[in-house]
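Work through the exercises below with the model open. Try each task before reading its solution.

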Amino acid sequence: MLYIYNTLSQRREPFQAVKDQVVKLFVCGPTVYEDAHIGHARTYISFDIIKRYLQYKGYTVYYLQNITDIDDKIIKRSQKLGLDPLKLARKYEKRYHQDMEKLGVNQVNFFPRASEHIDQIIGQIQTLIQKGYAYPTPRGVYFDISQFPDYGKLSRRKVEDLNVSRLETDPYKKNQGDFALWKLRDEGPLWDSPWGSGRPGWHIEDTAITEEYLGSQYDIHGGGLDLIFPHHEAEIAQMESASGKIPMVAYWMHTGFLNVSGEKMSKSLGNFITIRDLLENHHSQVFRFFVLSTHYRSPIDFSIKALEQSAKSFTRIKKLVNRLYQLLDEDLKESAEEPFQGWLQEYKEQFFHYMDQDFNTPPALAAVFKLTRKINQALAQTKPSLPVLKNILSFFHDLEEILGLQLRAEDEEHRVDESAELLELILHIREKLREEKEWELADKIRAKLIDLGYEIQD
Ligand code: AMP
């Protein structure tokens, strides 16, 4: 049974799809005005894996991610650069897709753009006005938070506590915390509406899009922690008021931040590394592995040192997998005493147990490491039979599918070649130690090498 932590209930809940085996997943997409950074990547890699695991569990997942191509930040930047805002947005949307492709984040089924759903947005605002949840002013249309008593249920905030970003100041507003659904403007990009020309507010684009493609109630809505308030709170207010159906979303999932020295990586703080810059010097698979090493809801402290550590750990698993593939060419004997099948059973069970606990990847990966270590140690003495070897490889293949990792790396041979000289040096030193009768140290080196997947015959 899969359990998912629901931000709304603040509890792990057994997962049940709203309808049959189909899961409708929506994750807030990027605001496209600059290159995405590795904090964004952390969130999108996490949901990539969440979808992969749901699929592995037998669900058909329809994953939608919007593109925010209308936003004050986009307009500000385009004015600074003297560019058309929508052209600027298209440019960075394209670059975002390129970045995701390089990261192997490829599970989204559809990327609807806000600018292409203006009719749906206007329709939803009209419904909200008709039902008494929204009102027009000379500056725009606002959602009246006093009409929605549940406002604050996701973030557990009080309505008075409203010191929030992206909130319009307007003397005509009924409550200070009322948020804009439509902003009347003179400067572009502009669209006509029953209230005058202008553009939509940030929150309404998501609910208009999700209602269009997923309906007014669906399974999972995700995003980074920073979106809980006001963005997701506002989405609940809009959609549950417009449809009268509660809850809008069965499971609210939020990713923790990727931090640098304890501070959230963000464009505004200027402490960011773009995905592009990172991938100039580091392999995207290593970054994915690094992300997986922390639970998706916990903060990750990013450093190059931590990334390099991930590279080592990842290589250890890959080395074993490649070695196992090589064994396929050998003449493998049946043996009643081989320990491999038992270990596979044990650690495979552990892996799935932890993945079922709200996609808890760190202990799930720890189980994979334990299996790797056991197999490496045993391979020095014995080999698995062919059927058992195939079972082990099949598990590693499942891991590739679930985690989006390539374990049987094409460049592995090249890597092994590169490390061959180093290995030779270590063996040479060990030989010298043996000549000097430094048995203890020589044995330690031998044990460590076996641990790393090398077999030594003295
Ligand atoms: P934005 O384009 O700023 O709206 O962000 C797109 C997505 O990336 C949202 O789900 C954010 O919560 C998420 N995000 C932004 N910065 C970080 C970060 N440092 N760590 C994790 N997720 C982030």
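## Exercise 1: Ile209 and its helix

Ile209 lies in helix α5. Helices (H or I, at least four residues) and strands (E, at least two) are DSSP runs, numbered from the N terminus. The model is predicted: local features need pLDDT of at least 70, side-chain atom pairs count only at pLDDT 80 or more, and totals for chains, interfaces and linings use all residues. Residues are numbered from 1 along each chain as its sequence is written, and side-chain values use heavy atoms, with hydrogens and water left out.

**Task.** Decide whether Ile209 is buried or exposed, and find which residues Ile209 touches.

**Solution.**
1. Take the accessibility. Ile209 has 0% relative accessibility, so it counts as buried. Buried means under 20% relative accessible area, exposed over 50%, partly exposed in between (1.4 Å probe, protein chains only).
2. List the contacts (heavy atoms within 4.5 Å). Leaving out residues up to four places away in sequence, Ile209 touches Phe26, Leu64, Asn66, Pro112, Arg113, Ala114 and His117.
3. Link two of these. Leu64 in β4 is the bridge partner of Phe26.
4. Place the helix. α5 (residues 202-214) lies across β3, β4 and β9 (218-224), and runs at about 160 degrees to β3. Axes are lines fitted to C-alpha atoms, for helices over the stretch in contact, and angles run from 0 to 180 degrees between N-to-C directions.

## Exercise 2: Two open sheets

**Task.** What is the strand order of the sheet with parallel pairing, and what is the order of the sheet with antiparallel pairing?

**Solution.**
1. Set the criterion. Two strands pair if DSSP finds at least two bridges between them.
2. Read the parallel sheet. Its four strands run in the order β4-β3-β9-β10, and the sheet is open. β4 (60-65) and β10 (249-255) are the edges; each has a single partner strand, so one side of each lacks a neighbour in the sheet. The twist averages 20 degrees from one strand to the next.
3. Check one pair. β3 (residues 22-27) and β4 run parallel, joined by six bridges.
4. Read the antiparallel sheet. This open sheet of four strands has the order β5-β6-β7-β8. Its edges are β5 (134-137) and β8 (198-200), each with a single partner strand, so one side of each is without a neighbour in the sheet. Neighbouring strands are turned by 20 degrees against each other on average, direction ignored.
5. Check one pair here too. β6 (residues 140-143) and β7 (residues 179-184) pair over four bridges in the antiparallel sense. Trp182 in β7 is the bridge partner of Val141.

## Exercise 3: The largest cavity

**Task.** Which element gives the most to the lining of the largest cavity?

**Solution.**
1. Define the space. On a 1 Å grid over the protein atoms alone, a cavity is a set of points where a 1.4 Å probe fits but cannot get out; lining residues have an atom within 4 Å of a point. Grid points are joined across faces, edges and corners, and a volume is the space filled by probe spheres set on the points.
2. Count. There are three cavities of 30 Å³ or more. The largest has a volume of about 90 Å³.
3. Name the lining: Arg42, Ser46, Ile49, Ile50, Val291, Leu292, Thr294, Tyr296, Phe359 and Thr361.
4. Assign the elements. α1 (38-56) and α8 (284-292) are those that give two or more residues. α1 gives the most, with four residues.
5. Inspect one lining residue. Ser46 is in helix α1 and is buried, with a relative accessible area of 6%. Beyond its neighbours within four places in sequence, Ser46 is in contact with Thr255, Val291 and Tyr296.

Terms used. 1 Å grid on protein atoms, 1.4 Å probe; cavity = no way out; pocket = protein on both sides within 12 Å on 5 of 7 lines; lining within 4 Å.
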